[in-house]
Amino acid sequence: MSDADSSAPAVEVRGLVREFKGGIRAVDGLDLEVRPGEIYGFLGPNGAGKTTVVRILTTLLRPTAGSARVAGNDVVADADAVRRSIGVALQEAAIDPLMTGRELLRMQGALHGLRGPAARDRTVSLLERVGLTQAADRRVGGYSGGMRRRLDLALALVHRPHVLFLDEPTTGLDPTSRGALWREVRALNDEGTTVFLTTQYLEEAEQLADRVGIIAAGRLVAEGTPDALKARVGEPMLHVELAEAESAGRARAALAGLGSVEPADPAAPTRVVLRTAAGKGAIGPAIRALDEHGVVIESVEVETPTLDDVFAAVTGSQLEGAGSVEAPA
Amino acid sequence: MSAAREGRVVVALGRRALSVQFRRAQLLMPTFVLPLMLLAVIASGTSAAQDLRGFPDVSSYLAFLVPGTIIQGALLAGLTSGTALASDIEFGFFDRLLAAPVRRTSLVIGRQAGTLGLSVLQTTFFLAVAYVFGARYPGGVDAALAAIVLAAITAVGIGGVAAAIALRTGSLSLLQSIFPFVFVLLFTAPAFFPRELLTPVLRDAARFNPLTYVVEAVRGLLTADGSLGDPWAGLAAAVALALATTALATFALGRRLRAA
């Protein structure tokens, strides 16, 4: 049903530029590559250019300069082949509120060449998959936000796309609906669908994405796995709270072999901070070493860099609403 | 993409356009109720017009007026179709269609298919209601069917203009503000009075209004009186309008996509 080249990158962007009236550059020389079968999290604040990139990749906008290929096909020269390969769920679930879920799925099927029993069966299975069987014949205007998003996802899946574009799929959803959508995205990815996910929620990127690209002012400012990105900012820190300030010297000596001990902070004489790539794995050895040196401890905490730290480090600013997404139930 | 597949796309889009129309109360009012209200006002308030010298000898004044109502319906059907398209553009539904692997022209023709279906239902409804209230159609069922076809093609013609405006501007409010101009088009055609009784200025304007030929053709068909209108002239005007404006809408879509 699609024209996907399975050996090609799922998404390949080179020097992409998009200018709007007044010379505003929403996308300013973007390069990125998404591998087949991965979930790529495209992270950035409002106005960073995420949606413009998605609209170009889904053939809804033309680039001003540069090139973009999706499933091996150029988004301008082979736009129709791109459309056969992709599923799209845009930021504002653009669903006609006067139609029912079933009607919309049937219409979407017709747009992708499905008909007869195949169209009916696909509609039924997708409704079941996104948990909307009971609401299938109700007008979408009466759906909750979560139901609309699930329907939007089902609509994007009608033709079994190779690459699925989800533009801020969980914005405005409650934790339960968000969790349901995350599970569905993971399941789709397990089935082999490449997912290009834009989000302004750090936790969403951490939870779902194999790799994350951070965009700011239309440029890719960092890219990598969430762990690799966080490692770029710095190693995890072990905060050891001692029972007595007098034992700080012994504690520092005990921990020296496990990583880099931070200089003493006169404002916190009972605290010793150890930087170590081992992160949580260093807790056991640290406690044993302190015990061997006769150091009594009150508590041990591990502080791991977050994607927000990464964002702040690469852009010099905090992500709006960073990490404020409530964790799904 | 095969022609058969594109045909199925057009049918799917037309079906959606039509079904949604019946779920929008604010669009049903102007397309089904308003023309009949105007017919009732004109039929009861201006019936003395048929006594004027030069007024054609018709068996039923109501039957004389019904073609005007039918053309008014076609105008409103076309315009509401454009309004619905502007709404799709403004609220993002049109993007969903653009992201699908279908010919861009099918998106325009699909919308036009919905307009055509709406007009067929409208005209049938108007003819039936007028019949109940005493209008008689000496042309018979064949004439009524021909009138339905003429009105539907005309609605497609008006729908093409409205679609072109919607695609060019993407503005729902602009489309809504155009509604009053329907009446300018309607009254610069001999919709409710014979062309001969219009003022010289209006009579000259009517010559350049394609709706003149359509409304006269419908009148000639329903009354079975060829002197009141030439069906072929009406068909030619309606088809020319539909082809020209559908091409205009397709051009507007192409321009919109190139500018995107």
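These legends walk through a few close-up views of a predicted model.

**View 1. Helix H11 of chain B, end to end.** Here we follow H11(B), which runs over residues 231–259 and has 29 residues. From its first C-alpha to its last, the helix reaches 42 Å, close to the 42 Å expected at 1.5 Å a residue. Look at the N-terminal end and you'll find Asp230(B) acting as a cap. One of its side-chain oxygens lies 3.0 Å from the backbone nitrogen of Trp232(B).

**View 2. The buried side of the story for H11(B).** Among the buried residues of this helix are Gly234(B), Ala237(B), Ala238(B), Leu241(B) and Ala242(B). Further along, the buried residues include Thr245(B), Thr246(B), Ala249(B), Ala252(B), Leu253(B) and Gly254(B). And what do the buried residues of H11(B) pack against? Their partners in chain B are helix H4 (93–98), helix H5 (104–132), helix H6 (140–169) and helix H10 (210–223).

**View 3. A buried salt bridge between Glu168(A) and Lys50(A).** Side chains of opposite charge can pair when their charged atoms come close. In this pair, the closest N and O atoms of Glu168(A) and Lys50(A) are 3.2 Å apart. Glu168(A) sits in the loop between strand S7 (163–167) and helix H6 (175–190) of chain A, while Lys50(A) belongs to helix H1 (residues 50–57) of chain A, so the salt bridge ties together parts that are 118 residues apart in sequence. Both Glu168(A) and Lys50(A) are buried.

**View 4. Asp80(A) and Arg83(A), a pair within one helix.** These two form a salt bridge, with the closest N and O atoms 3.2 Å apart. Asp80(A) and Arg83(A) are about one helical turn from each other because they are three residues apart in helix H2 (residues 79–85) of chain A. Are they buried or exposed? Asp80(A) counts as buried at 18% relative accessibility, and Arg83(A) counts as buried at 10%.

**View 5. Arg102(A) reaching Asp137(A).** This salt bridge has its closest N and O atoms 2.8 Å apart. Arg102(A) lies in helix H3 (residues 101–111) of chain A and Asp137(A) in the loop between helix H4 (116–129) and helix H5 (145–157) of chain A, so the pair links parts that are 35 residues apart in sequence. Arg102(A) is partly exposed, with a relative accessible area of 29%, whereas Asp137(A) counts as exposed at 54%.

**View 6. A network of salt bridges in chain A.** Glu19(A), Arg25(A), Asp28(A) and Arg219(A) are linked together here. For the wider picture, the count over all chains comes to 24 salt bridges.

Notes:
Residues numbered from 1 in each chain as written. Chains lettered and ligands numbered in written order. Predicted model: local features only at pLDDT ≥ 70, side-chain atom pairs only at ≥ 80, totals over all residues. Heavy atoms only, no water. Helix = DSSP H or I, 4+ residues; strand = E, 2+ residues; numbered from the N terminus. Expected span 1.5 Å × (residues − 1). Buried < 20%, exposed > 50% of the residue type's maximum accessible area, 1.4 Å probe, protein only. Contact = heavy atoms within 4.5 Å. Polar contact = N/O pair within 3.5 Å; in protein donor to acceptor, adjacent residues only side chain to side chain. Salt bridge = Lys/Arg side-chain N within 4 Å of Asp/Glu carboxyl O.
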